[in-house]
Amino acid sequence: MKKNDNNQRIIAYFCMEYGLDSEFKIYSGGLGILAGDHLKACKDLGLPLVGIGIKWKQGYVEQYLDKEGNVTDCYRNIDNSRLEDTGMTVEVLIREQQVPIKIWKTEAYGNVPLLLLDTDVPGSPYHGITRQLYGGNEEERVAQEIVLGSGGIKALETLGYDVETYHFNEGHAVIAGLELICDKMKKGDSFHEAREKTKKEIVFTTHTPVEAGNEIHPISRLRYMSANKGLTVEQLAEIGGVPFNMTVAGLRLSRKANSVAELHLDTTKKMWRHVSGKAPIINITNGVHRETWMDQRFLEKNQSENRCWEIHQDNKQQLIKTISEKTGITLKSEKIIIGFARRMTPYKRSDLIFSDLEKVDPLLRDGKIQLVFSGKAHPMDSRGKEMMAVLYEMQKKYPESVVFLQNYDMTMGALLTRGCDVWLNNPQRPREACGTSGMKAAMNGVLNLSILDGWWPEACQHGINGWAIGDETIPRSEEKQNNKDAKALYDVLLQEVIPLYYENHKKWVEMMQQSIKTVQDAFSAERMVREYWGKMYKPKKGRGLA
Ligand SMILES: *Cc1c(COP(=O)(O)O)cnc(C)c1O
């Protein structure tokens, strides 16, 4: 069995998407960027981990708005040139057909290789399975998950990795668990013996804090797609329930599970309290990879207030320049820029700041605040696309102080989380699992102005390193929550943020420094990965990292 270079057994990390760098578009958003940062931090710390993912044929959707605000979705093929062809293939059963899968490898992260699985094999009628990330219908999704799960286990075997623990990042990978059970049954174990042994090998991270957001499939679909790996209806039901819930399956297939923020732990525990036989759930708050996301100049020793402001102004100019090139709109560097970049979907409430136009209209008219939005909608989310159109309308109405940047990606993400003055986040609660863009902003002295959801309650010191919008209480109805949160947003914006920016520069820069100081270590991917090592991967043997 192949160990890594230091002869260590390895952790196999499964994820549907990876955000490694902006141009390699096998990612859609937060989940992928988290996975990319996980690999990078393991590389930095020299930890033995191999990533398993999919080599999508097309990059995640690109989105452009026309003058009327209609959204056009475009897809572009991914450039394979950076990938190493291992020359190896494996086969998995999908709809009772043997589907060949090619294994690519990328060594971009040194000791942390990433294996990418691809059904686009010359002559194969099944080449389309790995065509589009989160494209296709539910059957296609299951087919993709068989490629990731079963294909991933077989690829690890074929390449000779000696795997100590399998980490499923989100429920997309649970078919790998069924594959491991099936392997053991083929060697003579009973179903229950195989399940118990498999459970000792798996850890699971859950993300979605909303019941409806968790993927479910009728068991008949799993059987029709050959995702059941020979397991009976009763055995499948024992793992994932009826209908088969991928998150429930993850919780029952693993020895330990985790949430991605403290508040998310509470939500997760409540949401799954009825699930019997699940793994204990702990929390490991996400972190971001500092070399990727943080302006390294902020690491200079003994940084003066002037120097801190100078670096920030440089980043702000960079942002203003890019916006001007892309949109023809030139924002003013002396006026505050408030940034908001999220997936465009109703619960993120990108239009909350416009809910009382009487209040914001004067601020936008005289350019006292400047708003920069960005984000993509899922291609099938028509309400998300409508939200983009609304923001675009606002840009037309206030052409000097509202901008919508099309085609949000990692480059844009980095630019915005460095160059804005304030980073706004106001989702409905409790619906944000973690939200890592705010961490990127905070490390660059971009002050968070956020609802107390996701990671922010752990970091927020109101008026010291950023601001909370409102308090922890959540009104029962959606309408009440919208009204309460909008009012709280206006209160803090008009009474605290804007006056401070224009009237107390010294205090503003002090807050920037506090923001950088309080967030850069506590919310780094390095801290996160050390915690995974100590609490999830190697908890018993005491071999966790300090
Ligand atoms: C960081 C990042 C995300 C995740 O941030 P959220 O706060 O969860 O929205 C998504 N997309 C891009 C391009 C990013 O850089």
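The domains named in this tour have bounds that come from an automatic or database domain assignment, and the model through which the tour leads is a predicted one.

**The two domains**

Begin by colouring residues 10-288 together with 527-536 as domain 1, and residues 293-523 as domain 2, which is how the domain assignment divides the chain. The centres of these two domains, taken over C-alpha atoms, are separated by 32 Å. To the contact between them, domain 1 gives 39 residues and domain 2 gives 35 residues.

**R290 and its partners**

Select R290 and D521 next, whose side chains meet in a salt bridge with an N to O distance of 2.7 Å. This pair links distant parts of the chain, since R290 belongs to helix α9 (residues 290-293) while D521 sits in the loop between α17 (505-519) and α18 (525-537), 231 residues apart. R290 is buried, with a relative accessible area of 19%, whereas D521 is partly exposed at 48%.

Move from there to D295 and R297, another pair of side chains that form a salt bridge, here at 2.8 Å from N to O. D295 counts as buried at 5% relative accessibility, and R297 is partly exposed, with a relative accessible area of 27%. Returning to R290, add E526 and R530 to the selection, for salt bridges with shared partners join R290, D521, E526 and R530 into one network.

**Helix α2 and the residues around it**

Now select residues 138-158, which make up helix α2. At 1.5 Å a residue, the 21 residues of this helix should span 30 Å, and the 29 Å between its end C-alpha atoms agrees with that expectation. While following the helix, pause at G151, where α2 bends by about 35°. Most of α2 is covered, with 15 of its 21 residues buried.

At the N-terminal end, show the side chain of N137, which caps α2 through a side-chain oxygen lying 3.2 Å from the backbone nitrogen of E139. Beyond the other end, α2 is followed by G160, a residue with a positive phi near 80°.

On the way into α2, look also at Y134, in the loop between β7 (114-118) and α2. The phi of Y134 is near 55°, a positive value in a residue other than glycine, and Y134 is buried, with a relative accessible area of 13%.

**A salt bridge between α3 and a loop**

A search of the whole structure finds 38 salt bridges, and one to display here joins the side chains of K184 and E201, at 3.0 Å from N to O. K184 lies in helix α3 (residues 175-186) and E201 in the loop between α4 (191-199) and β9 (202-205), so the pair ties together parts that are 17 residues apart in sequence. K184, at 14% relative accessibility, counts as buried, while E201 is partly exposed, with a relative accessible area of 22%.

**From α6 to α8**

Select G240 in helix α6 (residues 233-240), a residue that counts as buried at 2% relative accessibility. Apart from neighbours within four places in sequence, G240 is in contact with N245, V248, A249 and R252. Then centre on P243, in the loop between α6 and β11 (244-245), where the peptide bond from V242 to P243 is cis, with omega near -5°.

Continue to helix α8 (residues 262-271), where H264, L265, T267, T268 and M271 are buried. The buried residues of α8 pack against β12 (256-259) and β13 (281-283).

**D421 and a second cis bond**

Which residues, leaving aside neighbours within four places in sequence, is D421 in contact with? Displaying them brings up H312, K316, K335, I336, I337, V446, L447, Y501 and W508. D421 lies in the loop between α13 (410-419) and β17 (422-425) and, at 0% relative accessibility, counts as buried. A polar atom of its side chain lies 2.9 Å from the backbone nitrogen of I337.

Further along, P430 is in the loop between β17 and α14 (437-443), and the peptide bond from R429 to P430 is cis, with omega near -15°.

**Last stop: N302**

Finish at N302, in the loop between α9 and α10 (305-327), where phi is near 50°, a positive value in a residue other than glycine. N302 is exposed, with a relative accessible area of 78%.

How values were computed
Residues numbered from 1 in each chain as written. Predicted model: local features only at pLDDT ≥ 70, side-chain atom pairs only at ≥ 80, totals over all residues. Heavy atoms only, no water. Helix = DSSP H or I, 4+ residues; strand = E, 2+ residues; numbered from the N terminus. Expected span 1.5 Å × (residues − 1). Bend = angle between axes of the 7 residues up to and from the residue. Buried < 20%, exposed > 50% of the residue type's maximum accessible area, 1.4 Å probe, protein only. Polar contact = N/O pair within 3.5 Å; in protein donor to acceptor, adjacent residues only side chain to side chain. Salt bridge = Lys/Arg side-chain N within 4 Å of Asp/Glu carboxyl O. Contact = heavy atoms within 4.5 Å.
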